[in-house]
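Open the model in your viewer and keep the selection panel at hand. This tour goes stop by stop.

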Number of protein chains: 2
Amino acid sequence: MRSERGQRDTPRRRDLIEIATDLISEIGYEQTTVRMIADRMGIKSGSLYSHISSKEDVLYKIILDVADDFLERADRATEGVHDPEERLRALCRSHLEMIRDRRPAVRVYFDEWRKLGDANQAEVIRLRERYEDGFRLAIADGIETKAFDADPQLGARVLLSTLNWAPSWYVADGKLSPREVADQLLEVILRGLYTRG
Amino acid sequence: MRSERGQRDTPRRRDLIEIATDLISEIGYEQTTVRMIADRMGIKSGSLYSHISSKEDVLYKIILDVADDFLERADRATEGVHDPEERLRALCRSHLEMIRDRRPAVRVYFDEWRKLGDANQAEVIRLRERYEDGFRLAIADGIETKAFDADPQLGARVLLSTLNWAPSWYVADGKLSPREVADQLLEVILRGLYTRG
DNA sequence: CCTACCGATCGGTAGG
DNA sequence: CCTACCGATCGGTAGG
């Protein structure tokens with residue numbers, strides 16, 4: 001039962017995860033060695049294994065945490081918001097805020113999830129689907145209330161593609177806030193979805 | 001001078017590149033070993049080096065070729081087309097055709113370009129920028145001729161994000177042709193860019 | 001294209 | 001958390 005110690009959430013383990021997140025986001029999961037992580041922690045590589053059970057465990061922890069955070073933020077942002085357009089706006093803002101707040105972890109989430117084993121990968125996909133369904137539902141609702149007019153799948157595809165690609169173009173340099181960017185983005189996309197009539 | 005032999009474009013070398021493309025697209029660059037490539041060619045791993053000079057050379061060849069192909073197809077597709085909207089339509093169709101025709105190589109292009117060394121990476125970025133500029137120019141032209149009304153950067157961002165993310169959602173399963181998908185996509189995005197007046 | 005091998009490095013473990 | 005190490009595997013080379 002001693003291996004359970006490695007799974008508990010201790011401050012030292014959190015350090016490890018944060019250091020690993022930075023490294024993996026910079027040079028990739030495969031190129032990040034357990035020795036690099038240990039070096040930055042100021043310990044020997046063998047000592048890592050009193051905090052973790054394997055290298056993949058670290059990756060899984062990082063990615064799962066991002067998936068959860070995306071979902072939690074989305075839930076909080078849309079709490080009590082019923083208008084479909086306002087829901088979409090809140091979801092987009094929340095998404096961009098997440099990128100702003102946790103850029104390295106978000107990069108790992110998008111770039112490295114394929115490196116997980118099959119079971120872990122399946123869980124991440126499940127969470128991502130649940131997250132994206134929030135967007136799809138808001139768009140479908142918008143169409144039902146006759147505010148939008150378009151293939152809901154197509155509209156969701158355009159919006160989610162733009163958001164999923166956002167780590168490549170959205171730099172939180174202080175010039176534009178997540179709120180402003182989300183509003184600009186939705187101005188174009190919603191106008192495209194609105195019925196002409 | 002003997003190492004030059006490894007750089008020439010021979011049928012055997014083309015086999016190697018194709019096999020490597022499939023492997024890398026399936027399991028990633030790092031996980032693909034020179035021994036796996038050699039196995040699929042039916043030779044020993046050491047013998048690979050009469051065709052290539054290094055593993056990264058293979059990756060660079062694959063990615064550079066995709067970047068070139070994207071550009072060539074775009075040039076051909078827009079030859080003599082002057083209307084901005086028609087140019088955009090041709091560019092989108094060409095992009096989706098490329099994904100349909102060369103999916104594994106395209107995946108390597110999008111997923112693995114960061115694994116290249118700095119110099120090679122810079123060249124790939126240069127070509128990608130040139131490719132994307134074709135889209136940006138068409139949108140800017142559309143705005144200048146008063147057909148579109150929006151921040152050209154924003155419109156290009158939405159369109160290019162959707163296209164760059166397309167390997168994740170566009171499956172050429174025979175149901176929808178690149179032409180049909182491009183038209184549907186542009187219907188939403190262009191409507192979003194069109195001025196209300 | 002093969003045999004035979006290289007130095008380096010990898011993730012991970014045993015036993016303090 | 002350390003020392004000391006493990007078997008495995010990596011990309012690549014020499015010399016046919």
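Start with chain B of this predicted model. Select domain 1 (1–53) and domain 2 (58–193) of chain B: each supplies at least three residues to the lining of the second largest pocket. That pocket holds about 280 Å³ of space. Its lining counts 13 residues, and B:I17, B:E18, B:T21, B:D65 and B:R102 sit closest to the centre.

Now colour by helix. Helix 1 (11–27), helix 3 (55–78) and helix 5 (103–112) of chain B are the elements that give two or more residues to this lining. Which helix of chain B gives the most to the lining? Helix 1 does, with six residues.

Next, colour the lining of the second largest pocket by residue class. Eight residues are charged, four are nonpolar and one is polar.

Move on to DNA strand C. Select the 14 residues around the strand; A:T33, A:R35, A:Y49, A:K55 and B:K44 come nearest. Of the strand C atoms within 4 Å of the protein, 63% belong to sugar and phosphate. By class, the surface near strand C has seven polar, four charged and three nonpolar residues.

Zoom in on the phosphate oxygens of DNA strand C. Three stops are worth a click:

- A:Y49: a polar side-chain atom lies 2.8 Å from a phosphate oxygen of strand C.
- B:S47: here too a polar side-chain atom faces a phosphate oxygen of strand C, at 2.9 Å.
- B:K44: a backbone N or O atom lies 2.7 Å from a phosphate oxygen of strand C.

Technical notes
Residues are numbered from 1 along each chain as its sequence is written. Chains are lettered from A and ligands numbered from 1 in the order in which they are written. This is a predicted model: local features need pLDDT of at least 70, side-chain atom pairs count only at pLDDT 80 or more; totals for chains, interfaces and linings use all residues. Side-chain values use heavy atoms; hydrogens and water are left out. A residue is near a molecule or strand if one of its heavy atoms lies within 4 Å of it. A polar contact is a pair of N or O atoms within 3.5 Å; within protein, one must be able to donate a hydrogen and the other to accept it, and residues adjacent in sequence count only if both atoms are side-chain atoms. Ala, Val, Leu, Ile, Met, Phe, Trp, Tyr, Cys and Pro count as nonpolar, Asp, Glu, Lys and Arg as charged, and the others, Gly among them, as polar. On a 1 Å grid over the protein atoms alone, a cavity is a set of points where a 1.4 Å probe fits but cannot get out, and a pocket is an open set with protein on both sides within 12 Å along at least five of seven lines; lining residues have an atom within 4 Å of a point. Grid points are joined across faces, edges and corners, and a volume is the space filled by probe spheres set on the points. Helices (H or I, at least four residues) and strands (E, at least two) are DSSP runs, numbered from the N terminus. Domain bounds come from an automatic or database domain assignment.
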